Amino acid sequence: MKPIFVLFLTIMTTIAAAQVKNDPWLMELLQQKASPLLKSVLQQPDVYQYQLIYTEIKRDAHQKPIFTNHYLNVDRNRYFNPASTVKMPVAFAALEKLNRLKKRVTAKTAMLTDSAFSGQTAVTEDTSAENGLPSVEHYVKKIFLVSDNDAYNRLYEFVGQKELNESLWKKGYADIRITRRFVPMTPEENRHTNPIRFVSNGKTVYTQPAAYSNIRFRFPKTKILVGDAHWDKNDSLIHEPMDFTTHNNLPLEDGQLLLRSALFPESVPSAQRFSLTKDDYRTLYTYMSELPHESRFPAYDRSEFFDSYTKFFFFRSGKEQIPGYIRVFNKAGWSYGYLTDYCYVVDFKNNLEFMLSATLYVNKDGVLNDNKYDYEEIGYPFFREVGNIIYDHELHKKKPVLPDLDRWKFRYE
C-alpha cells in the first residue's frame, strides 16, 4: 500500500505545482540585479506570498500589440486580499451600466443616493465637485486618483451586488467575488443597495429603487485564514487568524486582464469587453493616469497625496515626483498587510510600454487590523525595485517596431 500512497502523493503534488505559474527567466532577471532586500523577499515566497506578472508588449508592422506574459509564483488559488483593486472593475461596470440606460443619464448627471436599510447613508452633495454634486464620473475620478472608499461604495450601490458579480462572471471572470462595501456592514447589509436618483436641471430623470441581492456566492469550502491574531470590530485582540472566506476576491491574472481589456479592448474576445463608449474610455484613461496634483476638483494637497500616492511601482517608496514623460495607468490597493498594483507604463521619451502586476504580503508580527504592517520597510521598496528592474530591461532591449503611443498623448501635450 505504501508505494500506492507515495504515487498518489506525487500526483497530487504535481497537480498542485502545475497550478503555480513560474517563468525561470523572470526570476533570473530579477535576481541578477536585486538588492539584498529584494533577494530576501524572492527567496521566501511562502512568507511574502508574492505573485508577479510582467507583460511584454510588441507591435507588429501594423502597430497591433502582441502581449506576452511572464509569471512569478502566480497561483489563482492562493488568496490575497485585493483591497482597493476591486474598485477598478466596479468603475468599469458603473460606466457600462450607464450605457444600458440608453442615454437617459450620463456619467456627468448628478447622482443622488438615498438610504432605505440599516447601515446605509445618503449623499446629496459633493463639495469636492466643481458643481457641488456627486456623479458617476466624479466617483470614477476619485477612485483612480486617490482610491477614495466612499466613491467605490456609491458605485457598488449603483451597480448592485448581484448585477456587478453576474456581469463579471458572464465575461469569464468566474473567480472574481465582490461581496462588500468599504465600510463596516454585515453580509446582509451588503446585499441591500440604496435607492438612487439622477437629477438634471432640478428634475429627476431616472430613479433606481432600493435592491436586494439574492446571488449565491461560491465561497471556498476550506476557510481562508490569515495571520496569527487580529483585532475585531470591537477593538478586541483575538488570538486567532482572521477569516477572509467571504471577503472580496480578485486573482492577479484576472486583474491584469481587466486592466488590459480597458486599455486595449480589441486585444481580448468581445465577450470579455465592457460595453463602453469613446467618452468612457477617455474618462478612464484620463483618471487612471492623472496625478493628484493635476486635479482642480478635488484639489489635493501634494504633501499628502504625492505623485506616487497610488503608483507603487518605481516611485512609491521615496515619494518622488514622476517624470512628465512617463505615465502610469493603474489601480493599486493596500490593506491587511497586502499590497497590490496593476499597471500599464508608457514612456513617451524612450518609446516604450509594458504592463506589470504584483501582490505582496508584508506583516511581520502576524497580527491583522493593527495598522502595523511592513509597507515602508519592505513592501514599497519591493515594488519600486521590481519596477525599476523591468523598466531598465525595457529601456535596453531591442524593439523591431517602435510603438505608436499617440493615443495616450491627448491629455499630456
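This passage describes one helix, one three-stranded sheet and one hairpin of a predicted model.

Helix α10 comprises the 12 residues 252–263. At a rise of 1.5 Å a residue, a helix of this length should span 16 Å, and the end C-alpha atoms of α10 lie 17 Å apart, which agrees with that expectation. The helix is mostly covered, with 12 of its 12 residues buried. The buried positions include the leucines Leu 252, Leu 257, Leu 258, Leu 259 and Leu 263. Charged side chains are likewise found among the buried residues of α10, namely Glu 253, Asp 254 and Arg 260. Gly 255, Gln 256, Ser 261 and Ala 262 are buried as well.

Strands β10, β9 and β15 form, in that order, an open sheet with mixed pairing. The edge positions are taken by β10 (237–238) and β15 (367–368), each of which pairs on one side only. Between β9, which covers residues 229–231, and β10 the pairing is antiparallel and extends over 2 bridges. His 230 has Ile 238 of β10 as its bridge partner.

An antiparallel pairing is also found between β1 (residues 51–59) and β2 (residues 65–72), where 8 bridges are present. Within this pair, Glu 56 is bridged to Thr 68 of β2. The two strands, β1 and β2, form a hairpin in which 5 residues separate them. In the turn of this hairpin, Gln 63 adopts a positive phi of about 70°. In general, strands of a sheet pair through backbone hydrogen bonds, in either a parallel or an antiparallel sense.

Conventions: Residues numbered from 1 in each chain as written. Predicted model: local features only at pLDDT ≥ 70, side-chain atom pairs only at ≥ 80, totals over all residues. Heavy atoms only, no water. Helix = DSSP H or I, 4+ residues; strand = E, 2+ residues; numbered from the N terminus. Expected span 1.5 Å × (residues − 1). Buried < 20%, exposed > 50% of the residue type's maximum accessible area, 1.4 Å probe, protein only. Pairing = 2+ DSSP bridges.
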